[in-house]
Amino acid sequence: MKVRINAFSFRALVPLFCLMLANFGLNAQIGPTGGTFTTCSSTFTDPGGPANYANSTNISYTIQPTNAAADRTSVSFSAFNIETGWDFLIVHDGPTASSPVLFSYTGATLPAAVTAAQGNSSGALTFRFTSDGFVTAPG
């Protein structure tokens, strides 16, 4: 799976730092090892990168905006293909895997864009990807 991340402001203003990053074409690449990332714009993939993800994967990514007081994390999917009914991408509305679940995805249908809820004071989204031990896919 390949996901594009953009900071989204409900005030419809792009923070100056994010604007400067965009103007200079800087775009962080979030690695396949999980963790917490603060960014204006980036791309991340499942742990398999361009190859299939591994069996028995359990990894979490938390994406938070650079200015949580004004921005919300928003992601759009550019590719999505995981084993239907056995492998899952769960999106949590907040900075941890215990935050409320926004969506749970499985299969090969490209998910719609997802944005942290306005009531989410962190502006963060947490993505938890799990795969079973038998079949893999491109992600």
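**Sheet arrangement and aromatic pairs in the predicted model**

Five strands form an open sheet with mixed pairing, in the order β3-β5-β10-β7-β8. The edges of the sheet are occupied by β3 (35-38) and β8 (101-105); each has a single partner strand, so one side of each is left without a neighbour in the sheet. On average, and with direction ignored, neighbouring strands of this sheet are turned by 15° against each other. Strand β7 (residues 88-92) and β8 run antiparallel and are joined by four bridges. Within this pairing, S104 in β8 is the bridge partner of I90.

The structure is a predicted model. Its chain contains one helix and 10 strands, which follow the pattern β-α-β-β-β-β-β-β-β-β-β along the sequence. Of the 139 residues in the chain, 41% are buried. Among contacts in the chain with a separation of 6 or more, 75% are made by residues 24 or more positions apart. The chain has an accessible surface of about 6,900 Å², and carbon and sulfur atoms account for 60% of this area.

A search of the whole structure yields five aromatic pairs. One of them comprises Y53 and F129, whose ring centres are 4.9 Å apart and whose planes stand at 80°; the pair is therefore edge-to-face, given that planes over 60 degrees apart are assigned to that class. This pair links distant parts of the chain, since Y53 lies in the loop between β4 and β5 and F129 in strand β10 (residues 125-130), 76 residues apart. Y53 has a relative accessible area of 1% and is buried; F129, with a relative accessible area of 2%, is likewise buried.

F77 and Y105 form an aromatic pair that is also edge-to-face, with 5.6 Å from centre to centre and 65° between the planes. Distant parts of the chain are again linked: F77 belongs to strand β6 (residues 71-79) and Y105 to strand β8, 28 residues apart. F77 and Y105 are both buried. These two residues belong to one aromatic cluster, formed by F77, F80, F103 and Y105.

The loop between β4 (41-45) and β5 (58-64) also contains S56. The phi angle of S56 is near 55°, a positive value in a residue other than glycine. S56 has a relative accessible area of 56%, so this residue is classed as exposed, the cut-off being over 50%. Y53, in the loop between β4 and β5, is by contrast buried, at 1%.

Technical notes: Residues numbered from 1 in each chain as written. Predicted model: local features only at pLDDT ≥ 70, side-chain atom pairs only at ≥ 80, totals over all residues. Heavy atoms only, no water. Helix = DSSP H or I, 4+ residues; strand = E, 2+ residues; numbered from the N terminus. Buried < 20%, exposed > 50% of the residue type's maximum accessible area, 1.4 Å probe, protein only. Pairing = 2+ DSSP bridges. Axes fitted to C-alpha atoms, helices over the stretch in contact; angles between N-to-C directions. Contact = heavy atoms within 4.5 Å. Areas by Shrake-Rupley, 256 points an atom, 1.4 Å probe, with all protein chains shown as cover. Phe/Tyr/Trp six-rings, centres within 6.5 Å; stacked < 30°, edge-to-face > 60°.
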